[in-house]
Amino acid sequence: MKIQITLTCPQCKSTNIVKNGKKTKKQNYLCNACSRQFIGDHALSYKGAHSNTIALIIRMLVRGCGLREISVILGISLGKILKTLEGQQVALQPKRSFYDKLEVDEF
Ligand SMILES: [Zn+2]
């Protein structure tokens, strides 16, 4: 039985990828389009490093999941979730120019 895995570059989503030696006994790949080196998702041992983890975290935060719930469900650390939150640049656009009270407590 032959299993085929299609790899895409985590940075530019290109499929123009070649093998680039081994790093810590895991196959390393090189993207010919943007020269990014990476290890495929199938070989990663920590779930927080997978390429779709950030999109999952953001989707769960928007749907109202708590930080600890996300950590348990996805099997990743609380620090990864907090770092993802810090990395987001969401611009709030107020409807008025002045408010008496303003509360921002949700993502
Ligand atoms: Zn690339």
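I looked up Ile17 first and found it opposite Cys31 in strand 2. The model is predicted: I read local features only at pLDDT of at least 70 and side-chain atom pairs only at pLDDT 80 or more, while totals for chains, interfaces and linings use all residues. Residues are numbered from 1 along each chain as its sequence is written.

**Strands 1 and 2.** I traced strand 1 over residues 17–23 and strand 2 over residues 26–31; they run antiparallel and share five bridges. I count two strands as paired if DSSP finds at least two bridges between them. Two residues separate these strands in a hairpin. Thr24 sits in that turn, with a positive phi of about 45°.

**Strands 2 and 3.** I then followed strand 2 to strand 3, residues 37–39, and found three bridges in the antiparallel sense. Tyr29 stands opposite Phe38 there. This hairpin has five residues between its strands, and Ser35 has a positive phi near 65°.

**Whole chain.** I found three helices and three strands. These are DSSP runs numbered from the N terminus: helices are H or I of at least four residues, strands are E of at least two. The order along the sequence is β-β-β-α-α-α.

I checked the radius of gyration, taken over C-alpha atoms, against the globule rule of 2.2 Å times the number of residues to the power 0.38. The chain has 19 Å, where a compact globule of 107 residues would have one near 13 Å. Its C-alpha atoms fill a box of roughly 65 × 30 × 25 Å along the principal axes.

I looked up burial last: 7% of the 107 residues count as buried, meaning 20 or more other C-beta atoms, placed from the backbone, within 10 Å of their own.

How values were computed: Buried ≥ 20, exposed ≤ 12 C-beta atoms within 10 Å, placed from the backbone.
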